[in-house]
2 protein chains.
Amino acid sequence: MRTKDIEEKTGLTRDTIRFYEKENLITIPRRADNGYRYYDDKIIRQLKMISRAKALGFTLKEIKELTVLLYSGELTPTKMAGELSKKRDEIDEKLLKLSELKSEIDKALKGLCEYKDELNSP
Amino acid sequence: MRTKDIEEKTGLTRDTIRFYEKENLITIPRRADNGYRYYDDKIIRQLKMISRAKALGFTLKEIKELTVLLYSGELTPTKMAGELSKKRDEIDEKLLKLSELKSEIDKALKGLCEYKDELNSP
DNA sequence: CTTGACTATGGACTAAACTCTATAGTTTAG
DNA sequence: CTAAACTATAGAGTTTAGTCCATAGTCAAG
């Protein structure tokens with residue numbers, strides 16, 4: 001898959017993807033004879049994961065750690081297990097924070113309903 | 001509560017809090033006679049919410065919208081309900097993304113366990 | 001062949017979100 | 001009282017994460 005296609009598929013711009021390649025966030029794509037990049041499925045998965053993690057407030061540094069863990073196969077299984085568990089904990093922390101935020105909004109919405117009910121009550 | 005205390009309570013630096021004040025992300029704190037800021041509970045709640053939302057990938061612009069919704073009391077209930085519902089949807093989207101990320105990590109961890117099991121199997 | 005759409009590159013530029021600097025007043029503990 | 005720790009300010013400086021620019025090769029359709 002070439003650059004324009006992958007822009008569409010991932011929602012990331014060419015420049016952003018190039019930036020990620022330069023920062024070693026993704027596997028270096030193979031090149032055709034004309035110098036064009038070809039992105040295989042693995043890289044697409046990486047980019048989708050980056051896009052997702054970015055939207056969740058992970059820094060590129062953190063995301064890089066994650067992609068190394070998930071896609072590079074350079075770590076020993078023991079090391080990987082340890083690091084993945086840490087990442088999992090970070091995610092649980094964010095899940096908690098999101099739930100808290102959601103609760104706050106639900107509370108405000110509930111307050112609005114009660115306010116409305118008061119307006120409508122006889 | 002004065003600045004150093006609030007730094008500790010929120011995990012945000014003085015400069016960051018000042019920045020948020022300047023950007024109108026928080027209610028302007030009252031001042032003592034000596035010019036020192038005093039932060040009441042409402043502001044502490046605001047700062048904690050900002051800290052949380054920031055860690056979840058919301059931009060300061062988005063966070064500002066949220067604090068207006070939750071803390072300012074300037075919007076009509078109908079408008080508020082609409083906007084809060086939108087924010088709630090955004091959070092649900094992030095919850096989904098987090099779950100997907102967590103699944104990917106769990107899958108990798110599971111793969112490691114199975115790899116270990118294979119090593120240990122007779 | 002031509003033209004427009006695609007691709008590439010390196011490096012300059014931008015925006016968001018702080019962080020630091022220089023200066024100076026106030027508080028607190030010894 | 002003294003010195004260190006606290007507070008304040010405005011504006012300059014830094015970091016992160018892209019985005020743009022200028023240039024030029026390649027592809028595809030007419």
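This briefing walks through how two protein chains sit against two DNA strands, and how some of the helices pack together. Keep in mind that the model is predicted. DNA strand C has 19 residues around it, and DNA strand D also has 19 residues around it. After the DNA, we'll turn to three helix pairs: α1(A) with α3(A), α1(B) with α3(B), and α3(A) with α4(A).

**Around DNA strand C**

- Start with the residues that come closest to DNA strand C: they are A:K4, A:R31, A:R37, B:Y20 and B:Y36.
- Which parts of DNA strand C come within 4 Å of the protein? Sugar and phosphate make up 73% of those atoms.
- The side chain of A:R31 has an N or O atom 2.7 Å from a phosphate oxygen of DNA strand C.
- Chain B joins in too, with a polar side-chain atom of B:Y20 sitting 2.8 Å from a phosphate oxygen of this strand.
- For B:L60, look at the backbone: one of its polar backbone atoms is 2.9 Å from a phosphate oxygen of DNA strand C.
- Three helices each give at least two residues to the surface near DNA strand C, namely α1 (3-10) and α2 (14-22) of chain A and α2 (14-22) of chain B.
- Which helix supplies the largest share of that surface? It's α2(B), with four residues.
- Sorted by class, the surface near DNA strand C has eight charged, six polar and five nonpolar residues.

**Around DNA strand D**

- Here the nearest residues are A:Y20, A:Y36, B:K4, B:R31 and B:R37.
- Sugar or phosphate accounts for 75% of the atoms of DNA strand D within 4 Å of the protein, and bases make up the rest.
- Two chain A side chains are worth finding: a polar atom of A:N34 lies 3.0 Å from a phosphate oxygen of DNA strand D, and a polar atom of A:K54 lies 3.1 Å from a phosphate oxygen of DNA strand D.
- From chain B, a polar side-chain atom of B:R37 is 2.7 Å from a phosphate oxygen of DNA strand D.
- The helices that each add at least two residues to this surface are α2 of chain A plus α1 (3-10) and α2 of chain B.
- The one that gives the most is α2(A), with four residues.
- By class, the surface near DNA strand D splits into eight charged, six polar and five nonpolar residues.

**α1 and α3 in chain A**

- The axes of α1(A) and α3(A), the helix of residues 41-55, come within 10 Å and cross at roughly 40°.
- Because of that angle, α1(A) counts as oblique to α3(A).
- The crossing is right-handed.
- Who does the touching? On the α1(A) side it's A:I6, A:K9 and A:T10, and on the α3(A) side it's A:I44, A:L47, A:K48 and A:S51.
- This contact has three nonpolar, two polar and two charged residues.

**α1 and α3 in chain B**

- In chain B, the axes of α1(B) and α3(B) (residues 41-55) come within 10 Å and cross at roughly 40°.
- So these two helices are oblique to each other.
- Their crossing is right-handed.
- From α1(B), B:I6, B:K9 and B:T10 meet B:I44, B:L47, B:K48 and B:S51 from α3(B).
- Three nonpolar, two polar and two charged residues make up this contact.

**α3 and α4 in chain A**

- Back in chain A, the axes of α3(A) and α4(A) (residues 60-71) come within 10 Å and cross at roughly 145°.
- What is the handedness of the crossing where α3(A) passes α4(A)? It is right-handed.
- On α3(A), the residues in contact are A:K42, A:R45, A:Q46, A:M49, A:I50, A:A53 and A:K54.
- They meet A:I63, A:L66, A:T67, A:L70 and A:Y71 on α4(A).
- Seven of the residues in this contact are nonpolar, two are polar and three are charged.
- A:K54 is one to look at twice: this residue of α3(A) takes part in the contact with α4(A), and its side chain also has a polar atom 3.1 Å from a phosphate oxygen of DNA strand D.

Terms used: Residues are numbered from 1 along each chain as its sequence is written. Chains are lettered from A and ligands numbered from 1 in the order in which they are written. This is a predicted model: local features need pLDDT of at least 70, side-chain atom pairs count only at pLDDT 80 or more; totals for chains, interfaces and linings use all residues. Side-chain values use heavy atoms; hydrogens and water are left out. A residue is near a molecule or strand if one of its heavy atoms lies within 4 Å of it. A polar contact is a pair of N or O atoms within 3.5 Å; within protein, one must be able to donate a hydrogen and the other to accept it, and residues adjacent in sequence count only if both atoms are side-chain atoms. Ala, Val, Leu, Ile, Met, Phe, Trp, Tyr, Cys and Pro count as nonpolar, Asp, Glu, Lys and Arg as charged, and the others, Gly among them, as polar. Axes are lines fitted to C-alpha atoms, for helices over the stretch in contact, and angles run from 0 to 180 degrees between N-to-C directions. Angles under 35 degrees count as roughly parallel, over 145 as roughly antiparallel, 65 to 115 as roughly perpendicular and the rest as oblique. A crossing is left-handed if the near helix is turned anticlockwise from the far one by less than a right angle, and right-handed if clockwise. Contact means heavy atoms within 4.5 Å.
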